[in-house]
Amino acid sequence: MANWSSKFLIKRLTNPRTYLYRLIWLGCISVCMPVILASMAYYQFSTTRMEKYIQTESDSSLTMMKDRAERVLQEMEQESLQLANDPLIQQAFSATPDESNMLTMEILKKIALVKNFNSFIGEIYFYNSTNHVVISNEYGSIDKSNYKYRDHIDELLSSKYPTEWTQLKGKEGYITFSRQLPLIGNEGPKGVLVFEIEASVLSNFMETDTVLLTGDQDLSIVKLNDPFGGDRKADVSLVEQTARLRGIALIQASNQSSGHFVAEGIDGKPAQYHFVKNVFSRTYVSVIPEQVITDQLSWIREMTVLILIVFIGVGILLTYITSKKAYTPIGQLLKYSRTLRGNGNEPEGNELDMIKESLDYLSKEGQKLKAYVQNVEPSLREKFLLKLLSGDYTANQTLIQDCQTHGIKAELTNVVLVVDAENIYREKRFLPEEKGIVAFSLANVMQEILNDQKLTGYTIPYQGRGVAVLQFKPDMAQETMRDLTSDYVYVMIEAFNKYLSFEVNVGIGRFYPYIADIPVSYKEADHALQYRIFRDEEFLLFIDDVEHTKAKTMLRYPGELEQSILQALEQEDTASAVQHFKKFTETLRNSQSYVFIYQSYHIFLSSFIMSLEKRGVSVFDVMEQNLFGQLRSKQTSKEIRDWVEESLFPLYLWLTKNDRESAGDSAIQWICQYIHEHYGSDLSLVQCAERVGLSPSYLSRLFKKKMGKNFLEYVVETKIDEAKKLLQDTDQSINEVAAVIGYSERNFIRLFQRYVQMTPGQFRSEHR
């Protein structure tokens, strides 16, 4: 027995596989421990990454929703302001009873035009308290006592806010934007202009799970999103549930412009709230349930366990195989180095030395790459200036501390210059997406000249343009600072023209003694550049100079030149249209008013689009061109003239030749016959729409599309044609003729002269 035990023990100790088994177990432990630690680290990393991803998705969704909503809401507010500023609206408050009917038709036409151009608007109505008449695109002209929502008018007139977004009782599904009229005066509101916006259409435009809430002059847009789930339908009950959320109340009561926190969500469970407020009293909120993160982490835990099991199994297998083969990493590396050489020649010296030298070389190259990346990244000072220009500093103490950190003196007088290259993308063949390169080139040249002029300041590329911040001693006279700034600008303009062949314009803001006012000076410099639209011969534009310039001529829109342009286009005479447009542009420039010029070009573009509709072009084809967006991108009269001559006029000819619609409609034919048979009566679009069973808004678009003119114009022209026949064929007096066609003598003479270019008496004398 002792002999057997001793033999067994000797056999175990001398067995060559014992060391192999120990090596295998040691290898398994060595693999398992790092895998377990790596799995734990991976789980924590995945958790953090998932939270960041969801937060990023929320911020991205919030930004997208804000951009979409602001584009639509600001456009509707601008349309409301333009309509409120219309002379017809202003005249309505002081019009005589004889003028009211004509003004009502004209205002109705204006309202219908705005409504038809905006698919979000369900109804536009204007109430005039002087005659208690409501003018609506849905109901036409109607007395307030007969208007279905007359209580809403009283509520809006009694509001303490001149403009507000609100949700009116009885108007579920609509968001109301109201503007008290008149805009100027201190006698209180005499009327109100109201836009009714379909909340469902606006929600669908932004995203399907968006909810609109209104408060005291505030509008909150809430995105109830789930990055990994389905969207909700924003019905009435969901809107009510959202309005009752405590997180929404906290956001509305907060004075912060942005932030995020955790509160109870729509399902009663914790949710993350992200919000942004803007200066227009609108709040954008994104709500993401925390359950989303929990669900995702559950999947990550399961995958982590599976990966751990797989790695342990693979580690055991590899440990066994490599142990069996006595795997040597260095030997394998040397063998691989021989295969890389491929020529069979052994290198001089030790191969380990060669590997060491290779690793040293890779380390040096890595250091070079790191230094290169640091050089091309924006400097900390540049990032500070970008943040300062954008107005992100709300606390002066933080601003002063950052100035000290980046070596910028805060006690000096500051002024901002904005340099914009004119026609750079058209004449120099730069692409719009290359504006960063253009801005970088501008900023570099500006910095070199700044150093040569021995001025204190900083230059950065910003929003496709070069921006310079100049600093002067606080005791320096403003005239001296202005002269030094002008000298710097003239040297800079000459350098751009000489070395880069760039023609630039420079806008300069006012001088401010506090560094916190740099964003104000930047906005003034940017605003000064807008005056290039009639001062494009001047390269240097001080905000004080351009704003104090007074127009020497009366502001009058050149309507006769507009008609000449459109008539030439209708006759396909492009050369004549170009000549008339040059006169049109010169007339606007002589007004010396940026606002007048800018709005006049928009009026011309509106008339241009209306002319296309008269020619039978589909309004959808016109809207797809985004003509107003293209016009807003033009900054000078030359840019606008080139765009009109090279793009707009050819587009007119192409659309009129390729997009005409020739199909007739029996309803339109019946209405035309009805107008001819009842020309002496008061004819309204609402009345005719009821007779043919169509909505007034749809009938208006269909009538304009078929007849080439709107309903009111057709009615007036029919009445004028009948008046011509009566003047030619009868001896009735002008007053009797006016009564036959349903007008007062005064309105009849004015309309007749407008359409026939002569008075009724002159017409009778020439044609009898």
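This passage describes the overall make-up of a predicted protein model, the packing of three of its helices, two individual serine residues and its cysteines.

The protein contains 31 helices and 16 strands. Of its 768 residues, 42% are buried. When contacts between residues at least 6 apart in sequence are considered, 62% of them join residues at least 24 apart.

Two packed helices are described by the angle between their axes and the distance between the axes. The pair formed by helix α19 (residues 559–570) and helix α20 may be taken at the outset, with axes 8 Å apart and an angle of about 160°. Because angles over 145 degrees count as roughly antiparallel, α19 is roughly antiparallel to α20. The crossing of α19 with α20 is left-handed. On the α19 side, the contact is made by L561, E562, S564, I565, A568 and L569. The α20 side contributes S576, A577, H580, F581, K583, F584 and T587. Sorted by class, the residues of the contact between α19 and α20 are 7 nonpolar, 4 polar and 2 charged.

Helix α20 (residues 574–589) also packs against helix α21 (residues 594–614), where the two axes come within 9 Å and cross at roughly 150°. The helices α20 and α21 are therefore roughly antiparallel to each other. In this case the crossing is right-handed. From α20, the residues F581, F584, T585, L588 and R589 take part in the contact. Their partners in α21 are F596, I597, S600, Y601 and F604. The contact of α20 with α21 comprises 7 nonpolar residues, 2 polar residues and 1 charged residue. F581 and F584 of α20 appear in the contact with α19 and also in the contact with α21.

One residue of the contact between α20 and α21 may be examined individually. S600 lies in helix α21. With a relative accessible area of 2%, S600 falls under the 20% limit and therefore counts as buried. Apart from neighbours within four places in sequence, S600 is in contact with Y557, F584 and L588. Of these, F584 and L588 are among the residues through which α20 meets α21.

A second serine, S257, is found in the loop between α8 (246–253) and β9 (258–264). The relative accessible area of S257 is 46%, so this residue is partly exposed. When neighbours within four places in sequence are set aside, S257 is in contact with F275, V276 and K277. S257 and N278 are 21 residues apart in sequence, and their C-alpha atoms are 6.9 Å apart in space.

The cysteines were examined for disulfides, which require a pair of sulfur atoms within 2.5 Å. The resulting count is 0 disulfides. For C672, the closest cysteine sulfur is that of C688, and the separation of 9.5 Å is too far for a bond. C688 is likewise in no disulfide, its nearest cysteine sulfur being that of C672. C672 has a relative accessibility of 9% and therefore counts as buried. C688 is also buried, because its relative accessibility is 0%.

Key: Residues are numbered from 1 along each chain as its sequence is written. This is a predicted model: local features need pLDDT of at least 70, side-chain atom pairs count only at pLDDT 80 or more; totals for chains, interfaces and linings use all residues. Side-chain values use heavy atoms; hydrogens and water are left out. Buried means under 20% relative accessible area, exposed over 50%, partly exposed in between (1.4 Å probe, protein chains only). Axes are lines fitted to C-alpha atoms, for helices over the stretch in contact, and angles run from 0 to 180 degrees between N-to-C directions. Helices (H or I, at least four residues) and strands (E, at least two) are DSSP runs, numbered from the N terminus. Angles under 35 degrees count as roughly parallel, over 145 as roughly antiparallel, 65 to 115 as roughly perpendicular and the rest as oblique. A crossing is left-handed if the near helix is turned anticlockwise from the far one by less than a right angle, and right-handed if clockwise. Contact means heavy atoms within 4.5 Å. Ala, Val, Leu, Ile, Met, Phe, Trp, Tyr, Cys and Pro count as nonpolar, Asp, Glu, Lys and Arg as charged, and the others, Gly among them, as polar.
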